[in-house]
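Student: Can we go through this model together? I'd like to start with the ligand and then look at some helices.

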Amino acid sequence: MDLKKLFGYEGKNVVITGSASGMSKSATELLLELGANVYAIDINKIDLPVTKSFQADLSKKEEIDKIIKELPDKIDALFLCHGIAFFPGKELLVQKVNFYSQKYMTEQLLNRISDKGSITYISSVGGFGWEQVYNKAVELINLPSWEEAMKWYEEHPELIQSAYVFAKQCLESYVTYKCMSKEFIDRKIRINAINPGDTTTGLTEDFNRSTSPNGDLKEGEEMISNIFLKSWNGYAAEAKDMGYPMVVVGSDICSYMSGQLIYIDYGLTSTWKSGALLAQSSKTIEELSEEANN
Ligand SMILES: NC(=O)c1ccc[n+]([C@@H]2O[C@H](COP(=O)([O-])OP(=O)(O)OC[C@H]3O[C@@H](n4cnc5c(N)ncnc54)[C@H](O)[C@@H]3O)[C@@H](O)[C@H]2O)c1
């Protein structure tokens, strides 16, 4: 079996953002190995032998519009991976980087995505519980322009207060809402997101610092470890633990997969869900397993 053929990237045009570092850099390395023509975009310099790289601030509509003109007419797979951590005062910036620019790029590039092509995002376990803001997220998603969206954000300070979480929840809502909408399903364009758990990347220091109320690196590291690792005596993932599966999701291997939010967290969010369900039903695991066995 020819593995490159199985993935289906050989000679195909792939656009990927955030490739200067972390998960997206790992993904880009694999895409190159699999023979894709990679067009990579980042605010920082990309030091990989891609077909073409672009340096742009994707929080800015003008910069996105400029790059879009330079991207190929036909795109087989699009990966939107750029992201930042949240610091107070950056609520709107986080919405623009971590969600709105990704929605905007998707919609601006949609007519260039080939039939049966794929769009894959990097969301986060941080978006867990996205169902609770779904109606609001859909309201935002349905606004027709960047300018109207910015106005909506201004009018909803309470939602963007939990900046990182809300942006990722919007991304997950977007995948869920759009996967079978006409513009995607008529041309069988697949749309999915991976939801990584704690991963050591270029963002780790910012995540640690921003999690501590005092901006203390050590304290933040401990807090993150308590939330994401302690309960399973776990360890942080490496960038490739996310980047490689994402490449699989966007490939022909997953040709029947769309609308999925794929948690890559060793099962952590499943245990959160299990806990919530058990609390709701107020039944113990033993009672539930007894019921299942009868
Ligand atoms: N690291 C984690 O623990 C973790 C967990 C869950 C989700 N994520 C998400 O994974 C994605 C990838 O991040 P990472 O962890 O690999 O971090 P990273 O910092 O290594 O990579 C993010 C990339 O995005 C680029 N970027 C940031 N702002 C940009 C902008 N305005 N315009 C263009 N490029 C910009 C950065 O320069 C960087 O190269 C992000 O969306 C992040 O939210 C990370």
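Tutor: What follows is a short talk through the ligand shell, some helices and two residues. This is a predicted model, in which local features need pLDDT of at least 70, side-chain atom pairs count only at pLDDT 80 or more, and totals for chains, interfaces and linings use all residues. Residues are numbered from 1 along each chain as its sequence is written.

Student: How many residues surround the ligand, and which are the closest?

Tutor: The ligand is surrounded by 28 residues, the closest being Ser21, Gly22, Gly83, Thr201 and Gly202. A residue is near the ligand here if its C-beta atom, placed from the backbone, lies within 6 Å of it.

Student: Which helix gives the most to that shell?

Tutor: H2 does, with three residues. Helix H2 (22-33) and helix H4 (91-109) each supply at least two. Helices are DSSP runs of H or I with at least four residues, strands are runs of E with at least two, and both are numbered from the N terminus.

Student: What is the make-up of the shell, nonpolar, polar and charged?

Tutor: It has 12 nonpolar, 13 polar and three charged residues. Ala, Val, Leu, Ile, Met, Phe, Trp, Tyr, Cys and Pro count as nonpolar, Asp, Glu, Lys and Arg as charged, and the others, Gly among them, as polar.

Student: New topic. At what angle do the axes of H5 and H8 cross?

Tutor: The axes of H5 (residues 134-141) and H8 (residues 163-178) cross at roughly 75 degrees and come within 9 Å. Axes are lines fitted to C-alpha atoms, for helices over the stretch in contact, with angles from 0 to 180 degrees between N-to-C directions. The two helices are therefore roughly perpendicular, a label for angles of 65 to 115 degrees.

Student: Which residues meet there?

Tutor: Tyr134, Ala137, Val138, Leu140 and Ile141 in H5 meet Gln169, Cys170, Ser173, Tyr174 and Tyr177 in H8. Contact means C-beta atoms, placed from the backbone, within 7 Å. Eight residues of this contact are nonpolar, two are polar and none is charged.

Student: And Phe54, where does that sit?

Tutor: Phe54 is in strand E3 (residues 52-55). Leaving aside neighbours within four places in sequence, Phe54 is in contact with Ile41, Ile67 and Glu70.

Student: Is Phe54 buried or exposed?

Tutor: Phe54 is partly exposed, with 19 other C-beta atoms within 10 Å. Buried takes 20 or more, exposed 12 or fewer, and partly exposed is in between, with C-beta atoms placed from the backbone.

Key
Parallel < 35°, antiparallel > 145°, perpendicular 65-115°, else oblique. Contact = placed C-beta atoms within 7 Å.
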